[in-house]
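The exercises below are meant to be worked with the sequence and the three-dimensional structure side by side. Each task is followed by a solution that goes step by step.

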Amino acid sequence: MHEITESTAGDVADLVRRDLLQRYGPMIGDDDLRTALGYKSMDAFRQALARKTVPVPVFSLENRRGKFALAQDIAVWLSARREGAVKEMNRAGDGIHHADAGRSA
């Protein structure tokens, strides 16, 4: 079974950050922000804002409509979620690998 390495978390964050910067610039707002954070609808995003459960710092800008977040913050958050998933996958993979090794011995 192919194991995904955890040591690339910083590389992943950098790749995501560069992609977000290229697409949106240093700040992401409105529907793009909702999409980048994975909310299915603007109502779900508004509800998260009201409940203060948005996973990155979100702010308003004077004379601008809507909420904004930094591409950097979103990249770090996304790569941390991925790192957790990779660790969980590798733990599950280790359990399966050891069980299979025990059977063939």
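A residue is called buried when its relative accessible area is under 20%, exposed when this area is over 50%, and partly exposed in between. The coordinates belong to a predicted model, and every value quoted in the solutions is computed from it.

**Exercise 1. Find the aromatic pair of the structure, describe its geometry, and decide whether its members are buried or exposed.**

Step 1. A search of the whole structure returns one aromatic pair, and its partners are Tyr39 and Phe45, whose ring centres lie 5.5 Å apart.

Step 2. The planes of the two rings make an angle of 50 degrees, and the pair is accordingly classed as tilted; stacked pairs would need planes under 30 degrees apart, and edge-to-face pairs over 60.

Step 3. Tyr39 has a relative accessibility of 18% and therefore counts as buried, and Phe45, at 3%, counts as buried too.

**Exercise 2. Describe the overall fold of the protein chain and how much of the chain is buried.**

Step 1. The protein chain contains four helices and two strands, which follow one another along the sequence in the pattern α-β-α-α-β-α.

Step 2. Of its 105 residues, 25% count as buried, while the accessible surface amounts to about 7,400 Å², with 52% of that area belonging to carbon and sulfur atoms.

Step 3. When contacts between residues at least 6 apart in sequence are considered, 57% of them join residues at least 24 apart.

**Exercise 3. Identify which residues touch the most other members of the largest nonpolar core, and which elements supply the core.**

Step 1. The largest nonpolar core has 15 residues, and those touching the most other members are Leu33, Leu37, Val54, Val56 and Ile74.

Step 2. Two or more residues of this core come from each of α2 (30-36), α3 (42-51) and α4, with α4 giving the most, namely four residues.

Step 3. Take Leu33 as an example: once its neighbours within four places in sequence are set aside, Leu33 is in contact with Ile28, Phe45, Val58, Lys67, Phe68, Ala69 and Ile74.

Step 4. As general background, nonpolar side chains tend to be buried together in soluble globular proteins.

**Exercise 4. For the salt bridges Asp14 with Arg18, Arg23 with Asp19, and Arg91 with Glu88, give the N to O distance and place the partners in the structure.**

Step 1. The structure holds seven salt bridges, and these three are among them.

Step 2. Asp14 and Arg18 are joined at 2.9 Å, N to O, and both lie in helix α1 (residues 9-24), four residues or about one turn of the helix apart. Asp14 is partly exposed at 28% relative accessibility, as is Arg18 at 45%.

Step 3. Arg23 and Asp19 meet at 3.4 Å, N to O, and because they are four residues apart in helix α1, about one helical turn separates them. Arg23 is exposed, with a relative accessible area of 58%, whereas Asp19 is partly exposed at 33%.

Step 4. Arg91 and Glu88 meet at 2.9 Å, N to O, and both belong to helix α4 (residues 71-104), where they stand three residues apart, about one turn of the helix. Arg91 is exposed, with 52% relative accessible area, and Glu88 is partly exposed, with 46%.

Step 5. Salt bridges that share partners also link Asp14, Arg17 and Arg18 into one network.

Notes
Residues numbered from 1 in each chain as written. Predicted model: local features only at pLDDT ≥ 70, side-chain atom pairs only at ≥ 80, totals over all residues. Heavy atoms only, no water. Buried < 20%, exposed > 50% of the residue type's maximum accessible area, 1.4 Å probe, protein only. Contact = heavy atoms within 4.5 Å. Areas by Shrake-Rupley, 256 points an atom, 1.4 Å probe, with all protein chains shown as cover. Salt bridge = Lys/Arg side-chain N within 4 Å of Asp/Glu carboxyl O. Phe/Tyr/Trp six-rings, centres within 6.5 Å; stacked < 30°, edge-to-face > 60°. Core = buried A, V, L, I, M, F, W, Y, C linked by side-chain atoms within 4.5 Å.
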